[in-house]
Amino acid sequence: MSLDIAIVGCGGHGRELFEIIRAINEATPTGPRWRVMGFVDDRPSEVNLKRVQRLDASYLGPIDWLREAWPSTHVVIGLGDPRIRRTVAQRVEAYGLPVPSLVHPAATLAPDLVSGEGLVAFAGARVTTNVAFGRHVHLNQNATVAHDCVLADHISVNPLAAVSGDCRVESGVLIGTTAAVLQGLHIGADATVGAGACVVRDVPAATVVKGVPAK
Ligand SMILES: CC(C)(COP(=O)(O)OP(=O)(O)OC[C@H]1O[C@@H](n2cnc3c(N)ncnc32)[C@H](O)[C@@H]1OP(=O)(O)O)[C@@H](O)C(=O)NCCC(=O)NCCS
């Protein structure tokens with residue numbers, strides 16, 4: 001059996017999701033397989049269109065292409081910026097398409113994880129016990145989320161970033177590559193934690209913090 005899926009975004013993040021789907025298919029030779037119909041994007045650059053071609057994949061057209069894809073095509077939002085992902089997800093939700101979670105076979109998620117639709121876990125991502133995610137949470141390569149954390153909707157945890165136990169992260173937050181968030185902290189909606197930061201106190205909504213300690 002195969003399930004159709006379209007990826008939103010011809011950029012790097014979207015094409016990385018193509019690779020995750022390929023790895024999932026390889027790891028489950030007897031289970032249902034994803035058939036990537038192609039990529040949709042409102043403004044793909046020429047260079048990204050060529051990169052899509054090199055994957056032997058198709059560019060299907062602008063995002064509105066999905067309107068015609070109802071009801072059988074699944075959709076995943078391949079956009080790394082959590083705020084842009086939120087905007088596009090809201091638009092795509094109106095089309096009523098199913099939104100799966102994509103977990104690379106080399107990711108490790110605790111069985112008691114509770115997650116909304118659209119979770120993407122890259123290779124090496126790890127989530128331990130009693131964690132809850134909202135919708136469209138993306139954990140990039142080797143990102144970790146520890147015990148008892150709650151991450152709301154549309155959050156990106158970039159490569160090698162570590163969210164310690166008991167943290168609460170609100171919607172639209174980006175946690176930059178290799179950043180560390182110490183235990184028990186609250187990160188307000190639409191905040192950005194810079195790459196390499198060490199967050200040692202709560203982060204107010206819609207602010208950017210960076211450095212060690214993060215300010
Ligand atoms: C923190 C961040 C959001 C700041 O972005 P920005 O507002 O566009 O910042 P700018 O590039 O204009 O830099 C502003 C200043 O902050 C410094 N700076 C930028 N990022 C920094 C970081 N992560 N840590 C410490 N300082 C940083 C710059 O050197 C610059 O300093 P200066 O004014 O003394 O020259 C961004 O640099 C960042 O770290 N984003 C996360 C990126 C990431 O995770 N990428 C991986 C994708 S998979």
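1. Partly exposed residues are those whose relative accessible area lies between the buried class, under 20%, and the exposed class, over 50%. On that scale E117, with a relative accessible area of 32%, is partly exposed. The structure discussed in this note is a predicted model.

2. The partner of E117 is R135: the two residues form a salt bridge in which the closest N and O atoms lie 3.9 Å apart. This pair links distant parts of the chain, 18 residues apart. R135 sits in the loop between strand 10 (132-133) and strand 11 (138-139), while E117 sits in the loop between strand 7 (114-115) and strand 8 (120-121). R135 is likewise partly exposed, at a relative accessible area of 26%. The N to O distance of 3.9 Å satisfies the salt-bridge criterion because the cut-off is 4 Å.

3. How many salt bridges does a search of the whole structure find? The search returns eleven. Side chains of opposite charge can pair when their charged atoms come close. One of these pairs is E26 with R22, whose side chains meet at 2.7 Å, N to O. Both residues belong to helix 1 (residues 12-27), and because they are four residues apart there, about one helical turn separates them. E26 is exposed, with a relative accessible area of 56%, whereas R22 is partly exposed at 37%.

4. A further salt bridge joins E170 and R168, with 3.1 Å between the closest N and O atoms. R168 is partly exposed, its relative accessible area being 36%. Elsewhere, D42, D64, R67 and R91 are joined into one network by salt bridges that share partners.

5. The cysteines deserve a separate comment. A disulfide is a covalent bond between the sulfur atoms of two cysteines. The count of disulfides in this model is zero. Why is the sulfur of C149 not bonded to the closest cysteine sulfur? That closest sulfur belongs to C167 and is 4.7 Å away, which is too far for a bond, because the criterion requires the sulfur atoms to be within 2.5 Å. C149 is buried, at 0% relative accessibility. C10 is also buried, with a relative accessible area of 0%.

6. H147 carries the UniProt annotation "active site", taken from an unreviewed entry; such annotations may be inferred rather than shown by experiment. Where is H147 found? The residue lies in the loop between strand 12 (144-145) and strand 13 (150-151). H147 counts as partly exposed, at 34% relative accessibility.

7. The surroundings of H147 can be listed as follows. Leaving aside residues up to four places away in sequence, H147 touches T128, T129, N130, V131, G165 and D166. In addition, the side chain of H147 makes a polar contact with the side chain of D148, at 2.7 Å.

8. Is strand 1 (residues 2-8) largely enclosed or largely open? Five of its seven residues are buried, so strand 1 is largely enclosed by the rest of the structure. Strand 1 pairs with strand 2 (residues 33-40) in the parallel sense, over seven bridges. Within this pairing, D4 has R35 of strand 2 as its bridge partner. In a regular strand the side chains alternate between the two faces of the sheet.

How values were computed
Residues numbered from 1 in each chain as written. Predicted model: local features only at pLDDT ≥ 70, side-chain atom pairs only at ≥ 80, totals over all residues. Heavy atoms only, no water. Helix = DSSP H or I, 4+ residues; strand = E, 2+ residues; numbered from the N terminus. Buried < 20%, exposed > 50% of the residue type's maximum accessible area, 1.4 Å probe, protein only. Contact = heavy atoms within 4.5 Å. Polar contact = N/O pair within 3.5 Å; in protein donor to acceptor, adjacent residues only side chain to side chain. Pairing = 2+ DSSP bridges.
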